[in-house]
Amino acid sequence: GVYRSDDNGESWTNYTGNYQSLRINMIGINTNEIVFAGTNKGVLQTTDYGANWITLNEGFDDAFANISTMAVCSLGYIYAASSGNGLFRSTNNGDYWEVIPGEISNVIISCLMATGNNQLFAGTAGSGIYLSTDNGISWASKNRGLTDLNVNAILKIANGDLFIGTG
């Protein structure tokens with residue numbers, strides 16, 4: 001489920017409503033404070049801080065609905081990786097999802113990070129890290145210097161440096 005704390009983690013309240021049986025794999029928020037949750041049954045959205053949730057699975061079929069990671073961007077773009085079944089993009093805050101074709105659809109994506117300026121990084125299980133500079137249309141491998149191509153985490157800090165976690 002999804003839990004929310006309004007006292008800096010001292011206590012937690014379940015805000016999943018009718019979706020408590022779902023496994024939540026990722027939570028993200030956009031600049032309009034719309035919260036998205038990637039689940040084992042697709043994507044949920046709330047516009048009222050968890051009081052009410054709706055499913056946003058138009059464009060997914062059941063085989064692709066297990067969302068392992070997401071990146072929520074400005075301009076209504078959201079990216080969702082399905083466990084071993086490719087990468088999806090929504091350009092309208094999740095109302096509709098489309099498959100992102102190409103080389104990126106043939107790898108297992110373990111983490112995603114949007115950095116602004118249409119840039120999206122995808123960490124993969126065994127294929128390293130990929131970068132798209134055009135909202136996911138094309139991708140380039142960025143593995144120079146990596147000795148472990150199992151990328152599990154990506155972080156960009158204020159000065160622009162990137163960190164990745166492997167293993």
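**Exercise 1. Find where Tyr49 sits and say what is unusual about its backbone.**

Start with the location: Tyr49 lies in the loop that links β5 (42-46) to β6 (54-55). Strands here are DSSP E runs of at least two residues and helices are H or I runs of at least four, numbered from the N terminus. Before going on, a word on the model: it's predicted, so local features need pLDDT of at least 70 and side-chain atom pairs count only at pLDDT 80 or more, while totals for chains, interfaces and linings use all residues. Residues are numbered from 1 along each chain as its sequence is written, and side-chain values use heavy atoms, with hydrogens and water left out.

Next, check the backbone: Tyr49 isn't a glycine, yet its phi is positive, about 60°. Most residues other than glycine have a negative phi. Last, the surface: Tyr49 counts as partly exposed because its relative accessibility is 46% (buried is under 20%, exposed over 50%, partly exposed in between; 1.4 Å probe, protein chains only).

**Exercise 2. Do the same for Asn135: which loop holds it, and is it buried or exposed?**

Asn135 belongs to the loop between β13 (129-132) and β14 (140-141). Its phi is also positive, about 60°, and it is not a glycine. With 18% relative accessibility, Asn135 counts as buried.

**Exercise 3. Track down the salt bridge and describe both partners.**

The structure holds 1 salt bridge (a side-chain nitrogen of Lys or Arg within 4 Å of a carboxyl oxygen of Asp or Glu). Arg89 pairs with Glu98, and their closest N and O atoms are 3.0 Å apart. Now look at burial: Arg89 is buried at 12% relative accessibility, whereas Glu98, at 33%, is partly exposed.

**Exercise 4. Work out which residues touch the most other members of the largest nonpolar core.**

A nonpolar core is a set of buried Ala, Val, Leu, Ile, Met, Phe, Trp, Tyr and Cys residues joined through side-chain atoms within 4.5 Å. The largest has 14 residues, and Tyr79, Leu87, Ile104, Ile109, Leu112, Ala122 and Trp139 touch the most other members. Two or more residues come from each of β8 (78-82), β11 (109-116) and β12 (119-124).

Zoom in on Ile109: leaving out residues up to four places away in sequence, its contacts (heavy atoms within 4.5 Å) include Ala81, Leu87, Ile104 and Ala122. Finally, there's a second, separate core of 11 residues, with Ile34, Val43, Ile67 and Met70 among them.
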